[in-house]
Amino acid sequence: MGATDSKLAFRKGVFRLFEEQGIPSSADDYWSLFWTLPDTVDDVYTLIGGSDVRRARDSSRENLETLIDKLLDKMNSLVNAPNFPATPTSVHELLNCCRVFSRIIPYVFENTESAEWEDKIFWVPRSVERVVVPESVDDQTQKSQPPQYDTLPPRGEVLMALTLKSLFLAGFTLPPAMVNEDGSKVNYVIWESGVGSSTPIGSSRENDMHRIEVLRLLIVLLSRSMYVSPSQVLSKEDQWLYQVVAKTERKVVLALLCSLLNTACKYNPLGWGVPYNHMMFTDIREQLVIMCLRVLLVILDYHSPRVASSMRQLDSNSSPPADIVESMDHLSIQDPEKRKLAQQQATALAMQVAEEAKGTMIDLDETSDNSFKHYLSKLHRAQDFQFLIDGIYRILSNPMQANNTYLPGSTKRVRCHVEMMMLCWKLLETNSRFRNYLMETERALDLMVVLVYYAMENKLDPAHVGLVRMCAFILQTLSSDRTFGVKLNRTFDGHSSLPANIRIPAFHGTYADFLIISIFTLIATSKGSLSTLYPALILTITNISPYLKNLSVTSANKLMALFSSMSAPGFLLADEANHRLVGYLMESFNNIIQYQYSDNPNIVYAIVRSSNKFEKLRDFNLESAIAELDRIRQLKEEKQRQNAAASALPAPTSSHPPVESKQQQQEDAQPNAEDAAAPATESLSDKARGKRPEGSSSAAELSSVGPQRQMSTTSVSSMSTIATVLPGAKNGFLPTDSWVREWHQQLPLHPTLVLLEYLVPQVQTMCSAQSLTSDAQVLDFLRGITLVGILPPPQPIFIRKFRWGEALVIWFRSMLWGQAYVSSITDYCPWSGTLVKLFQIKQQPSPNNSNNSNSTTAATTTHAPPQPYATAVQSSSSQQQQ
């Protein structure tokens, strides 16, 4: 639309849409303006304003219905034409039909008051009077016959079918030569070679651009969830999405599924590898890949109301059962009798859990409701899995490679890594063969490194907390596989080539060492902002603990540092569920002791050095914990008074720095209540404490270990004093003696305490008698000790998989659509300016005060669920991991 007169004529036509009532359907000259005058997508989004569509929807609804019918008729005649493109303007007119639909549909979705009208216009079959062609019947006979009507399918069904056909239309989204055998222009062939196809069809740049336009319309039609509140998003059936996943022909499903997968996984952002090549031209392919990923994820994320109801039942269960590992392979139990007994106990317990689960079986199988998920779960060829993981890793590793180059900005950084990570997660959950392939070929280790990178890179960015949350959940998913735990014992040879933000100084260890140290660093340096992810991160360690061998000194000390922080009174009493994290860590220590004792002298030595911490946890009670917190609070207040008094004094004239008294230095070394309430504070990441956790003793110090100093038992009389001491009181949580006794009795302390009771006296005696000063000598001593007949029978191995719940599904869907909204801001966002309900939108002011300071490019959204559901997701992410 280059001429100003044409733009003005089109704009007047838009005004007429809501200013004039009942524009007749026969006014073809008027309705044809909508698919003939606009030249570009920019014309449509500029000249059809959101307020124009709203006014037509609210005041001239019949005109909007007529426009929809006219656009459908035009699309139908174009797509089903046997000689498409019949005219030179056919392609242009079909594009404009897609553009106008994508412009007006979001404004139809947003208004809850017109929900009944929306259902009626799109999902109620239409009755159209049949046109009778007169033959030799006289006029009187024609007048006497009653009118006859034909029933047409609902408009929504027709629109979705035409959209899918447009994606496989020769001369539009396919090369002109790709005509069907029967001469039809609609040919359901796979766009790219890869899964299901080994022959490329030779698509052109114009085909890719047309696919982007049609995929934009498809994603708009599937965006009904954005305009439903989180409390109802899973309860209401999405007719548009249901039409695609349940009522689409098999050949269309397979062609669309493979086309979207192959287009996304075949994309190579580096091209020929020439530095700065992305600055010389626009990569239209990346935009197509983003659209393909977005449509595929929305389709795979479909949940029927039946499954949503089952998830609600799952959420009501306080502690979902864990999986029991029956195989004793890769476990070094020295006592053959205990090994046999452990095998029998695991088998019996697994059968018992299976029997109990039969009565409360909850059906979460969604492959029967979603044909796309069904066929995705049926992939089985190794070459298909290799193609998929190569493409996924190529995209996921791109930001890591772009940040780790000698020429800043020389490597293109893709914008679709979040969507590709979502696709990887869906594949891991949907196709067990794909998951097994990753484990057997060790590609899971590469994926683990990438997940750690994204978590470390975005741990302090509130806008990307959803990405960090997803990384933690995928790590827990990987850790639930026994093969993954065994593979982690491989030496990490490529560590030196990692980016600086995840590279560990002087690292010479295994993948398990890298994972444990990274989890510790993630917790210790996130300043408590990732507290809802502690269960997933700790359970990752617990799941892999039975298979870990030869853990390094640093890894052992990091694990003890985590235990020290999470067993502190301030942390245990800060929240009702925090004691579970200590239980998970204790379970990890027990697994290492009972199944891999001979291969982990470093962790055994770290446990021996920190024996006092386990004894404190054994003797934990509410009264002593409150007294300890009160003592720490008093020390902190006294220190603040001293600092205030020191700051009021005049500055010293001496050039030498003031020397602190010994008492003040001791007080500075005491932990405060805030540090106790937040696990793994910044002090844990100090170099010295990374080497040696607080409270631990060296070999020379073990010889002089005496009775521990008794903590103060100052009684706290009033509830007001308790409220000021307890860290969880501000959130309304006040622990009781019965609550402490309930969870304390369930802590798996016995195996570790038996180990300490047996080893600590021997180590102390050896160090005193032989005057040992080297840790290496103690490690040699521990390697030579056998615990046959000392430890109790091994406990069964519990594997706690990540389990979806209603709140987590809502979180994932809001993150998916929030990512789609933000990514589309600079590319004709169809939802911009509409009343989105699924998530919140925050406008960020422009750094300058120019006239375009409120531009939509500054719109951001958090990837967390909406505020009313933040608590639900947090509780779900902690409770469902039990």
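Which residue forms a salt bridge with Asp208, and how far apart are the closest N and O atoms? The partner is Arg211, and the closest N and O atoms lie 3.2 Å apart. This report describes a predicted model, beginning with the overall fold and returning afterwards to the charged pairs.

**Overall architecture**

The chain has 882 residues, of which 53% are buried. Its secondary structure consists of 42 helices and six strands. Of the contacts between residues at least 6 apart in sequence, 80% join residues at least 24 apart. The chain exposes about 38,900 Å², and carbon and sulfur atoms supply 51% of that area.

**Nonpolar core**

The largest nonpolar core comprises 255 residues. Within this core, the residues with the most contacts are Phe101, Leu215, Met448, Met470, Phe514 and Trp831. Helix 14, spanning residues 284-300, contributes the largest share of the core, namely 13 residues.

The surroundings of Trp831 can be described in detail. When neighbours within four places in sequence are left aside, Trp831 is in contact with Pro106, Ile219, Val220, Ser223, Met226 and Tyr227, and also with Trp817, Ala820, Tyr821 and Ser824.

**Salt bridges**

The model contains 33 salt bridges. Three of them are set out below.

| Salt bridge | N to O distance | Burial |
|---|---|---|
| Arg285 and Glu192 | 2.2 Å | Arg285 buried, Glu192 buried |
| Asp208 and Arg211 | 3.2 Å | Asp208 buried, Arg211 buried |
| Arg631 and Glu628 | 2.6 Å | Arg631 buried, Glu628 buried |

The pair formed by Arg285 and Glu192 links distant parts of the chain, with their positions 93 residues apart in sequence numbering. Arg285 belongs to helix 14, whereas Glu192 is found in the loop between helix 10 (155-166) and helix 11 (205-221). Helix 14 thus appears twice in this account: it holds Arg285, and it supplies 13 residues to the largest nonpolar core.

The other two pairs are each contained in a single helix. Asp208 and Arg211 both lie in helix 11, three residues apart, which is about one turn of the helix. Arg631 and Glu628 are likewise three residues apart, about one turn, in helix 32 (residues 622-648).

Salt bridges that share partners join Glu192, Asp208, Arg211, Lys266 and Arg285 into one network. Among the members of this network, Asp208 and Arg211 are buried, and Arg285 and Glu192 are buried as well.

Note on methods
Residues numbered from 1 in each chain as written. Predicted model: local features only at pLDDT ≥ 70, side-chain atom pairs only at ≥ 80, totals over all residues. Heavy atoms only, no water. Core = buried A, V, L, I, M, F, W, Y, C linked by side-chain atoms within 4.5 Å. Buried < 20%, exposed > 50% of the residue type's maximum accessible area, 1.4 Å probe, protein only. Helix = DSSP H or I, 4+ residues; strand = E, 2+ residues; numbered from the N terminus. Contact = heavy atoms within 4.5 Å. Areas by Shrake-Rupley, 256 points an atom, 1.4 Å probe, with all protein chains shown as cover. Salt bridge = Lys/Arg side-chain N within 4 Å of Asp/Glu carboxyl O.
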